Amino acid sequence: MLKSVSYGIVGGGLSGTLLCIYLMKYTKKPLELFLFEKQQEQLHKGVAYSSELPYQLLNVPVKGMSLFEDDALHFYAWLKIQNIDITPDDFVSRKLFGEYLTYYLEKTVLETKIHQLHIVNDEVVDIEKQGKKQFIFCKNRDKIEVSKVFLCTGNFPASHLRGFSHEVLTNSNYVSNPWNGENLSKIKPHDTLLVIGTGLTMVDQVMSITKHTNFRGNIIALSRRGLLPLPHGDAPIFHLLPTIDFTKVSFFELYQFIKNEVKRAESQGLNYRCVMECIRPHLDSIWKNLSISDKKQFINHFKPYWEVHRHRIPASSADYLKQLQEKGILELIAGRILSADITNDKFEVKITPKGKSETFTLKTDWIIYCTGSQLNYKSINSPLYKSLINKGYLTSAAFDFGLNTADIGFGIDSNGIISNDLILIGPTAKGNNFWEITALKEIRQQIRTIVHQIT
């Protein structure tokens, strides 16, 4: 009988759960898997799919949410078995996808005859390498020995903005974790809310607040450019002109190329969406081959516009936001926050609108922080990552934009040595090598490649 190989998987959300499924389905040698997740309520769902609210919808239609690349309607087939009347083009709740993910992990565990899966409900605080062995240290239990560690910790919340007073940051009406559902019940019907950020998280929060409660107050959503995610729409087949090498392109050349291709698409009666869909498969290749200065330009000038095009929302959600704007409940502001303080139990936030020099003060009852994820791992409040970086097991990418990885997600240490026993999966891999690694499609592809390579 073959001796089993032990792997540690840190993070029990989408990336960690899907990795477990693929390892057990496609690995012939016996595996002993340890899946670590410190928050029981997020096990097999993560933050994104643990919501119990039925109107928090996936941002991708059913046909794009299969766990398996070679079976595009796998999720759709599961929904039909649950007697849910939908089409492959419909958008369903995040809750349903979380149930689907959990179901197939449990099904895979029951069907396996050679693998073992141990769920460890604890926080991983350190990893120690000793030759070919890895020791995982948890907060409340003894160390566990494995041969490889997969970091699947997902997205970390962004750091606080500068200029926020201590009184603001410690006030119960300052919501730094927008996924804490307890706050919804505390918001009064006529309160004023400032939501910092205008992306997908803001959309979820606005829909939760206005649909979950009898809210009739005001919501001001603010970001540097004030851009809302665009709605999904048809993306007809379009072929890019073969006039550019994505492995050698500069930022300026890329900008000009996309601009020209959008014009060409429009001349054919098409729209920008088909160009964006064509660019998407090349994005990691573009990103990893840009110079440091071009990467900085990419982040500053291209990222905000790419994200509103790329990370779209259901048309029904876009229509709902438009209705809120027409009713005067939702207002979008493009600008920067200079400072925030508290006077007479109200937040006073100083804002400079985009393109203007004068400031104004906004008085609000709540501040809800929805600015996306933190990619500077030196600033993340995590004993695990602080230790990994201090030991030199992992290194920060240029200008602290994520972490350095090689090939398909292998960590790179402070000596520039590639580690094939410390592997970064999904959003954790974002950095020098990966740009587009937050959606199911890219995570699924990375996991499939890694499992094929190591088995």
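Cys-370 is buried in this predicted model, with a relative accessible area of 6%. Cysteine pairing is absent from the structure, which holds zero disulfides, whereas charge pairing is represented by 15 salt bridges. The points below take up the cysteines, then some of the salt bridges, then Lys-363 in strand β14 and finally helix α1, which spans residues 14–26.

**Cysteines**

- A disulfide is a covalent bond between the sulfur atoms of two cysteines.
- The count of disulfides in the structure is zero, and Cys-278 is accordingly in no disulfide, the nearest cysteine sulfur being that of Cys-274 at 6.4 Å.
- Because the cut-off for a disulfide is a pair of cysteine sulfur atoms within 2.5 Å, the 6.4 Å between the sulfurs of Cys-278 and Cys-274 does not qualify.
- Cys-278 counts as buried at 18% relative accessibility, and Cys-370 is likewise buried, at 6%.

**Salt bridges between distant parts of the chain**

- Side chains of opposite charge can pair when their charged atoms come close.
- Arg-448 and Glu-69 meet through their side chains in a salt bridge, with a distance of 3.4 Å from N to O. Since Arg-448 belongs to helix α12 (residues 440–454) and Glu-69 to the loop between β2 (31–36) and α2 (74–81), this pair ties together parts that are 379 residues apart in sequence.
- Both partners of that pair are partly exposed, Arg-448 at 39% relative accessibility and Glu-69 at 41%.
- Lys-391 forms a salt bridge with Asp-126, and their closest N and O atoms are 2.9 Å apart. Helix α11 (residues 383–391) carries Lys-391 and strand β4 (residues 124–130) carries Asp-126, so the bridge ties together parts that are 265 residues apart in sequence.
- Within this pair Lys-391 is partly exposed, with a relative accessible area of 31%, while Asp-126 counts as buried at 19%.
- Lys-391 and Asp-126 also belong, together with Glu-128, to a network of salt bridges.

**A salt bridge between β13 and the loop after β14**

- Asp-365 forms a salt bridge with Lys-346, in which the closest N and O atoms are 3.0 Å apart. Asp-365 lies in the loop between β14 (360–364) and β15 (366–369), and Lys-346 lies in strand β13 (residues 346–353), so the parts that the pair ties together are 19 residues apart in sequence.
- Asp-365 is buried, with a relative accessible area of 16%, whereas Lys-346 is partly exposed at 30%.

**Lys-363 in strand β14**

- Lys-363 has its place in strand β14 and is exposed, with a relative accessible area of 52%.
- The C-alpha atoms of Lys-363 and Glu-348 are separated by 4.7 Å, although these residues are 15 residues apart along the chain.
- Leaving aside residues up to four places away in sequence, Lys-363 touches Thr-192, Phe-347 and Glu-348.

**Helix α1**

- Helix α1 has 13 residues and reaches 18 Å from its first C-alpha to its last, close to the 18 Å expected at 1.5 Å a residue.
- The helix is mostly covered, given that 11 of the 13 residues of α1 are buried; among them are Leu-14, Gly-16, Leu-18, Cys-20, Tyr-22 and Met-24.
- The buried residues of α1 pack against the strands β1 (5–10), β2, β3 (116–120) and β7 (148–151), and also against the helices α3 (94–111) and α12.
- Helix α12 thus appears twice in this briefing, as a packing partner of α1 and as the element that holds Arg-448.

Note on methods
Residues numbered from 1 in each chain as written. Predicted model: local features only at pLDDT ≥ 70, side-chain atom pairs only at ≥ 80, totals over all residues. Heavy atoms only, no water. Salt bridge = Lys/Arg side-chain N within 4 Å of Asp/Glu carboxyl O. Helix = DSSP H or I, 4+ residues; strand = E, 2+ residues; numbered from the N terminus. Buried < 20%, exposed > 50% of the residue type's maximum accessible area, 1.4 Å probe, protein only. Contact = heavy atoms within 4.5 Å. Expected span 1.5 Å × (residues − 1).
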